[in-house]
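Thanks for sharing this one. Here are my notes, set out as numbered points to read alongside the coordinates.

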Amino acid sequence: MGKVVLVTGAARQLGGRFVRRIQRDPEVDRVIAVDAVAPGHQLGDADFVRADIRQPAIARVLAEHSVDTVVHLDVSAKTVGTGGRTAVKETNVIGTMQLLGACQKAPSVRRLVIKSSTNVYGSAPRDPAVFTETTPPKSLPSGGFAKDVVEVEGYVRGFARRRPDVAVCVLRFANILGPEADSPLADYLSLPVLPTVFGYDPRLQFVHEDDVVDVLGIASREPRRGTLNSGTFNIAGDGVLLLSQCSRRLGRPTMPLLLPAVTWVGQALRTVGMTDFSPEQIRLLTHGRVVSTVQMRETLGFHPQFSTAETFAEFARSQGPGLLPPEAVGRAVDRLAAMPCAGAAGDVAGFTGAGDTHPTPSAR
């Protein structure tokens, strides 16, 4: 018999894509798609089970279907259906605890794949230029989705110690973008005007949603010869982009604000439901974050199809034209930087690297 794969978060766009993809794997016999809400997309021939991973009933699902591979994708910064931040945190943390407890008791489980995030490293002014998988954060995240993934990974490490016979793979994804991306950062980049933190131009990394599905497939199978898909891996496309470059390529003007004003704007945007402009996202848009992908390539054996710039280009095409043509945004930035009284201010505001040909590091 082939493998039986259980996928959580099947109602999410990414979960649905992976469920449909994994069914084409000749080694897979059955796919069990699990979520607390019914998906609005097709799941192919997968068996959909409506179950809340926060409840002990998930253990019965594992036992009834003799699941041997669990792919946990229900770790996200956004909720599906009704519910706010509390429901998201409960699903991320309590749901993961229940799922790991069920996996620990299920002797059939042999492989566990966890969708995590580079948010575990946080964003702080004294961060290293590049994070590796073993780099400790300068300061642990104090709340939000970043704290959720720190707790999730802590529970996963405990599970790995209790079940050393299970191959555990933790994938720390950079910001996921693409034509169908659904994340707080994608919502932010879709705003007609991008509020930014005055004095900073952060470096950002992206990973394409197609590459996310591909690497999940690699992690859920037996490792290819010469590779190892157990452990923790950063997943991101090659290269980085400055936030100013992103705004220029989108044709969306930026609105530099002092940090207290950005916080106030973030609260206002959350109140009206335009985007979840959380404190952790404000820290990312202040200090940025870049991770090393050496282990992804040399150990996991995964080579993304899309670079950071190509991923962002795909996302930008799906957004349509911005308020201004990119050329007009670029000319306005160049004129501002050339003004005698604005030269220093332009450097402080991070506009010096706004062009696509001479990027500068993030101002710290």
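1. In this predicted model, helices α7 and α11 cross in the right-handed sense. Their axes lie 10 Å apart and make an angle of about 40 degrees. For orientation, α7 covers residues 243–250 and α11 covers residues 308–319.

2. Which residues bring α7 and α11 together? From α7 come Cys246, Arg249 and Leu250, and they meet Ala309, Phe312, Phe315, Ala316 and Gln319 of α11. Sorted by class, this contact comprises six nonpolar residues, one polar residue and one charged residue.

3. Cys246 deserves a second look, since it belongs to the α7 side of that contact. Is Cys246 buried or exposed? Its relative accessible area is 0%, which is under the 20% cut-off, so Cys246 counts as buried. Cys103 is also at 0% relative accessibility and therefore buried by the same cut-off. As for cysteine pairing, the disulfide count for the model is zero, taking a disulfide as two cysteine sulfur atoms within 2.5 Å.

4. Next, please turn to strand β8, residues 194–197. Leu194 and Thr196 point one way from β8, while Pro195 and Val197 point the other way. How are these four residues placed, buried or exposed? All of them are buried, on both faces of the strand.

5. The partner to inspect here is β13, residues 254–257, which pairs with β8 in the parallel sense over four bridges. Within this pairing, Leu194 of β8 stands opposite Thr254 of β13.

6. Ser230 is worth a stop as well. You will find Ser230 in the loop between α6 (209–220) and β11 (231–235). With a relative accessibility of 26%, Ser230 falls between the 20% and 50% cut-offs and so counts as partly exposed.

7. What does Ser230 touch beyond its neighbours within four places in sequence? Its contacts there are Arg111, Ala167 and Val168. For Ala167, the C-alpha atom is 5.7 Å from that of Ser230, although the two residues are 63 apart along the chain.

8. Finally, helix α9 (residues 279–287) is mostly covered, with seven of its nine residues buried. The buried set consists of Glu280, Gln281, Ile282, Leu284, Leu285, Thr286 and His287. Just after α9 comes Gly288, whose phi is positive at about 70 degrees.

Definitions and conventions: Residues are numbered from 1 along each chain as its sequence is written. This is a predicted model: local features need pLDDT of at least 70, side-chain atom pairs count only at pLDDT 80 or more; totals for chains, interfaces and linings use all residues. Side-chain values use heavy atoms; hydrogens and water are left out. Buried means under 20% relative accessible area, exposed over 50%, partly exposed in between (1.4 Å probe, protein chains only). Helices (H or I, at least four residues) and strands (E, at least two) are DSSP runs, numbered from the N terminus. Two strands pair if DSSP finds at least two bridges between them. Contact means heavy atoms within 4.5 Å. Axes are lines fitted to C-alpha atoms, for helices over the stretch in contact, and angles run from 0 to 180 degrees between N-to-C directions. A crossing is left-handed if the near helix is turned anticlockwise from the far one by less than a right angle, and right-handed if clockwise. Ala, Val, Leu, Ile, Met, Phe, Trp, Tyr, Cys and Pro count as nonpolar, Asp, Glu, Lys and Arg as charged, and the others, Gly among them, as polar.
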